Amino acid sequence: MAQMKYFYELTISSSPHAHSPITTQTIMRDVLIALAPALLGSIYFFGFRALTVTLVSVCACVFFEWAYCRLTHKHCKIYDLSACVTGVLLAYVCPVTIPYWTIILGDLFAIVLVKMLFGGLGHNIVNPALAGRAFLFSWPVLMSTWVKVGFENAAGLISSADAVTAATPLANMHQGLMPDASIADLFFGNVGGCLGETSALLLLIGFVYLLYRNVITARIPLAYMGTVAVLAFLFPLGNDRIAWTAAQLFGGGLMLGAIFMATDYVTSPVTKLGQIVYGIGCGVLTILIRYFGGYNEGVSYAILVMNCCVVLLDRIGRPVKFGAPKKEAAK
């Protein structure tokens, strides 16, 4: 009887092989839940246009990722909700008066050029939402028009021409002056600014939720905010050190950047020591840009610069291979 041979091909992914209920979708879902309080606050402070800008941004990001996969014949993974998170974050770092066509262009840049052309989720070098924001400063006037809080001053759903504008706290601090708003207003969000960054309280609520769900650790946010606090306290430009430090922490996008953007899995270090150094670097660059740069805010560019250093930072604190010789372990 002739011997019959059967050949089977088995493809196995790299180790470890472990079953876990945690997936990309569950992580992104938790991030969206943590961002929800800030969205509700933005609606309260700036009107319903904050909601429509966010929804337009999310829908555009999902569409561009789907269209790219369709055109390139790649498997589409919009169900993992990562595009939704990018859309929300990009909307959060824009003024509520931004025209819809502008935010859509930012979404196109963030999803296609920054994320998908580099290989999709897990392969991008920098945070897509922050890169999209940097791109949108090609229209500096549109990205620097701030609305005074209150429904009576809010921008319309279609046009924002009738909105009442006002300066942000960082605009005053950039000139070495204390902001017109009180520290309480800065903490609760009763100030002008990007639609998702003004309320430190609501962002901290999201921070606590992410820590409770073990989505992030506190190392990067605390190192980031702690560095900004120490430098602002040691080198105040205002008369009151405590008030100046609090204004630097609660004003602008520090809380949003430290909690939701600097902690991005893909663009932040994986080693514990690397994460601490990364957070400190973000804090130092933020203060340098705020104090000496031509732009009031330094969070976005500080994180983008440190994103480019992650490959080097991952060498810091790397665990030694078990059984490796001392010479190899020292490399």
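**Nonpolar cores and helix packing in the predicted model**

In this predicted model, the largest nonpolar core comprises 77 residues, and those with the most contacts inside it are Tyr224, Leu256, Phe260, Tyr278 and Ile303. Helix 1, spanning residues 24-46, supplies the largest share of this core, namely 10 residues. When residues up to four places away in sequence are not counted, Phe260 touches Val31, Ala34, Leu35, Leu89, Leu203, Gly206 and Leu210. Apart from the core that contains Phe260 lies another core, of 9 residues, among them Ala60, Cys61, Cys69 and Ile111.

The packing of helix 2 (residues 49-72) against helix 3 (residues 82-92) was also examined. Two packed helices are described by the angle between their axes and by the distance between those axes. For helix 2 and helix 3, the angle is about 140 degrees and the axes lie 8 Å apart; the two helices are therefore oblique to each other, and helix 2 passes helix 3 in a right-handed crossing. On the side of helix 2, the contacts are made by Val53, Thr54, Ser57, Val58, Cys61, Val62 and Glu65, which meet Ser82, Ala83, Cys84, Thr86, Gly87, Val88, Leu90, Ala91 and Tyr92 in helix 3. Cys61, listed among the residues of helix 2 that meet helix 3, is also one of the residues of the 9-residue core.

As regards confidence, the mean pLDDT of the protein is 86, and 85% of its residues reach 70 or more. Over residues 4-8, however, the pLDDT is below 50, and this stretch has 0 contacts in the model beyond near neighbours in sequence.

Definitions and conventions
Residues are numbered from 1 along each chain as its sequence is written. This is a predicted model: local features need pLDDT of at least 70, side-chain atom pairs count only at pLDDT 80 or more; totals for chains, interfaces and linings use all residues. Side-chain values use heavy atoms; hydrogens and water are left out. pLDDT is the predictor's confidence in each residue, from 0 to 100. Contact means heavy atoms within 4.5 Å. A nonpolar core is a set of buried Ala, Val, Leu, Ile, Met, Phe, Trp, Tyr and Cys residues joined through side-chain atoms within 4.5 Å. Buried means under 20% relative accessible area, exposed over 50%, partly exposed in between (1.4 Å probe, protein chains only). Helices (H or I, at least four residues) and strands (E, at least two) are DSSP runs, numbered from the N terminus. Axes are lines fitted to C-alpha atoms, for helices over the stretch in contact, and angles run from 0 to 180 degrees between N-to-C directions. Angles under 35 degrees count as roughly parallel, over 145 as roughly antiparallel, 65 to 115 as roughly perpendicular and the rest as oblique. A crossing is left-handed if the near helix is turned anticlockwise from the far one by less than a right angle, and right-handed if clockwise.
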